[in-house]
Structure formats: C-alpha cells, structure tokens
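Please study the sequence and the three-dimensional structure shown below before attempting the exercises.

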Amino acid sequence: ALILSLSMAFIMPIFSERILGLSNVTFCLPYLALGFFFLGISRALCMYFQGKGSGLQTVIASALIICFSILFSFVVGNPLLEYGQKVATLMGNDEFKEQYLMVGISIGIGIASVITFVFLLFAYFLSARENRRKQHVMRLTEHKGDSIRIFVSCFFPYWFATILMLVPLLLGFVMFFEKQDDKILALITLGRLTQSQYLPGAIVLLFTLSFVVLIVAQIVTWMKKEEIRQAREGFKLGLIWTLIVASFAAICFVIFGSYKIGLIYFVATFAYFFSTLLWQGGKRKSVLISMFASMVGALTSSFLLSGIMKEAELLIFVPVLTQMTILTLTTCFFLIKHYRFLPDLMQGLLFPIFSSFVSGVIMYVICLVLQDISEMLIVKILVGVIGFFVHLTLCMVLQCGNDNDIMNLPGGKLWIFIGNHLHLFH
C-alpha cells in the first residue's frame, strides 16, 4: 500500500506530465495517493477475513467504499466545483473547473477509504480478540530473510495477476490519448464517459460480485470438505442465479445506457465467478495461465485494431471485452477439467438468457411507446420493475429454479406465493 501510494504521488505526475501531457491532473494525485494507501491496507484485511472463510466483511467493505465515495464526492466536489468556476472566470481559463472537481472527487474517495479501513480494522481487532479467547497462539520465530521470502512467495501470484489484468487497460488508455489531438479535451471526454457509463456499470458490477462472493464461498466450503457432489450442485445453482441477475442487468444497460457497458458487465461477472472459484480452490496456476492468455489476446486485438478504429473509445472497450471473454472461456475450461463442473445447458444457460431477451424486448417496446417521458428516472425504474417481473416469471415457468431455490432469494416468499397461484411450479 505504501509503494502504491508513493508511486501515485511521485511517479504518476511524471507520467501524466511528460508522457500524456496532462499537467493539470497532478493536483488531485496526492489525495488519490492517500486513498490508495488505505485501500491497499483494507484489501489486505479483506484477504485476511476471506482466508478465514468469511466473505461478509468484504461485501460490507465494498458497499461502504462505493456509497461513501459517491456521497463525499458530491459533498466535497460541488463546493470545489463552484470555487473552480469562480477561479476560471477570474483567470479566463475553464480548465480550473475540472481541476477543482477532480480534487473534490479524489478527497471524497480518500474519505471513503479511511472509513472503510476503520471498519475493517475494528472488525479485525474483534476477530483477533475472539481468536485469543478460543485458542493459544503459537509463535514461529524465523530469520528476517525467511520472512521476506515467504512474504514475496505468498503475494507474488496476487501481484502477477494484478499486472496481467491491468496491462491491457492501461495500454488502452494510452492509445486513447494518442488518438486525441487535444489531451485536455480527451481527459474531459473520458471523465464524462466515466461519470455517465463506466461508473454506473462499475457500481452494479461490484454489487453483483458481492453476491457472487457469497456463492463462491459456499462452493469452496463444500470443496474443502470434499463434498464434491454438493459442490457441483451448488455450482449449477449458483451459475443459474448469477446468470439470471447478470443477464437482466446487462439487458438494462443495453436499453437505458450503453451496449458496451452491458457486454463488459455480463462477461466480467462470469470471468470473476470462474476465476475466483478456481483461485480459492487452490488452482492458482490455472488462473494465471488464463489471465496470461487473456492479456495476450487483449494486446493482440488492441494492436490489430488500433490502425482501423476511428472511434477512440473502442481502443479501451475492445481490449477489455476481449480480455474478459478469453478469461471466462479459459477458466470455465479449467473448472470442467479439474472439478467436472458442468453447467445445465438448457435451464442453466439458454433459458435465463432467453428470459432476459424477452423482458428486454418488452422494456424496449414500452420505452418506444413512452418515448416522450422515457428519460425520466421514475419511468426507467417502473420499466425496469416490469421487465424484472417478466424475466423472473419466465425463469420460473421454464423451471430455471425450484421453489426451494427461489425461497433463498430476497422477496422469495412473495415469488413463491405468486408462482403457486399461477401454477408455475407444476
């Protein structure tokens, strides 16, 4: 975390100024560096809890960082934006508005990072105190060299995996800026895309992954107990419900937002599902091989399409989509190879996708009928609720899950009541 924050504070300004020509970005980097420091430590604490078989703290921490980042970005960003407008008027330079806005957002992320870190630290001390009550702690005395070797060998897979996943994205950003003549305008365009498309997609993706973490944790628990048959059934059921949620959310992105975000969201959900299941199951080499193959595929697509793409945004979208697709396919292959985890082709794949497609068509038709007011938030919410009702009802009709499975969902009793009266389970 310290290396990451120092790199953000001292190396990134050099990179942004001399390579990208974005001198104005350096104002917000110190605040981002502080946030990254606490995020790094928070991630280590999350890994501690996951190592003990508890994913609840990670889910709560993900929700805290998202909600408080948005909240404090608005609380701090709006006053700084108003101040930046005054400075821009006095100085005759509109760039000051974006500078102060980025500083406000960076401060908001930093505050959210500190709050998340305090929560995880409090949970850690409670957990450590409980451990001291239950058992005696054995201390193992080692040489400093052995400690460093163990530390590097334990964390090297995480570092290597992070590098493999970030290289195509960073290259996409570099090529995006190279396509633009005005670097400041390119940064503003990227910021607007992030605010309007990428940020909503990331928020929905994080909430979905929080749901996936709980599924993976239960499957891994069965695997460690060598209850392979139960783990296979859990994988089928978890895949069905993940597909039901992810397919509908992707359709909503296509209708209300961007098809690019919908595609990336859908593929990234299953890439995370499969790779996390393999990683927690001890098959880290298979995950690293998959990540390396996906990185090579993403870089290849980026270089091949860089000369023919007219839309600069595609230089970010295509490599990321290629990377997530290859990662999903390769990790699925390794799951089948190592554990014989085979999905149900009809009820586990085709039927949920078909249900989401039908609900998407219905939502699209409603939006066309109400096109004069379709941009209103309340209308989008109502259309989404109607689409979700159609989607889940079709899934029940097609028997994607039985009544016991649906009972475990939020509001499951209501859906069971509706399904029984409509004879959907018979």
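The exercises below treat a helix, a loop residue, ring pairs, cysteines and nonpolar cores, each with a worked solution.

The model is predicted, so local features need pLDDT of at least 70 and side-chain atom pairs count only at pLDDT 80 or more, while totals for chains, interfaces and linings use all residues. Residues are numbered from 1 along each chain as its sequence is written, and side-chain values use heavy atoms, with hydrogens and water left out.

**Exercise 1.** Determine what span helix α10 should have at 1.5 Å a residue, and compare it with the distance between its end C-alpha atoms.

Solution. Helices are DSSP runs of H or I with at least four residues, numbered from the N terminus. The expected span is 1.5 Å times one less than the number of residues. Helix α10 covers residues 314-339, which is 26 residues, so it should span 38 Å. The end C-alpha atoms lie 37 Å apart, in agreement with that value. Just after α10, arginine 340 has a positive phi of about 60 degrees.

**Exercise 2.** Describe the surroundings of proline 343 in the loop between α10 and α11.

Solution. Begin with accessibility: buried means under 20% relative accessible area, exposed over 50%, and partly exposed in between (1.4 Å probe, protein chains only). At 28%, proline 343 is partly exposed. Next, take contacts, meaning heavy atoms within 4.5 Å. Leaving aside residues up to four places away in sequence, proline 343 touches Phe235, Leu239 and Leu349. Finally, its C-alpha atom is 9.8 Å from that of cysteine 332, 11 residues apart along the chain.

**Exercise 3.** Classify the ring pair of phenylalanine 38 and phenylalanine 117, and then that of phenylalanine 333 and phenylalanine 334.

Solution. Rings of Phe, Tyr and Trp (its six-membered ring) pair if their centres lie within 6.5 Å; planes under 30 degrees apart count as stacked, over 60 as edge-to-face and the rest as tilted. The structure has 11 aromatic pairs. In the pair of phenylalanine 38 and phenylalanine 117, the centres are 5.3 Å apart and the planes stand at 55 degrees, so the pair is tilted. Phenylalanine 38 belongs to helix α2 and phenylalanine 117 to helix α4, so the pair ties together parts 79 residues apart in sequence. For phenylalanine 333 and phenylalanine 334, centres 5.4 Å apart and planes at 65 degrees make the pair edge-to-face. Phenylalanine 334 is buried, at 12% relative accessibility.

**Exercise 4.** Explain why cysteine 252 and cysteine 367 form no bond with each other.

Solution. A disulfide is a pair of cysteine sulfur atoms within 2.5 Å. The sulfur of cysteine 252 has its closest cysteine sulfur in cysteine 367, at 9.6 Å, which is too far for a bond. Both residues are buried, cysteine 252 at 16% and cysteine 367 at 15%. A search of the whole structure finds 0 disulfides.

**Exercise 5.** Identify which residues touch the most other members of the largest nonpolar core, and which helix gives the most to this core.

Solution. A nonpolar core is a set of buried Ala, Val, Leu, Ile, Met, Phe, Trp, Tyr and Cys residues joined through side-chain atoms within 4.5 Å. The largest has 47 residues, and those touching the most other members are Ile219, Phe235, Phe273, Leu277, Leu335 and Phe341. Helix α8 gives the most, with 12 residues. A second, separate core of 8 residues includes Cys46, Phe117, Leu120 and Ala123.

How values were computed:
Helices (H or I, at least four residues) and strands (E, at least two) are DSSP runs, numbered from the N terminus.
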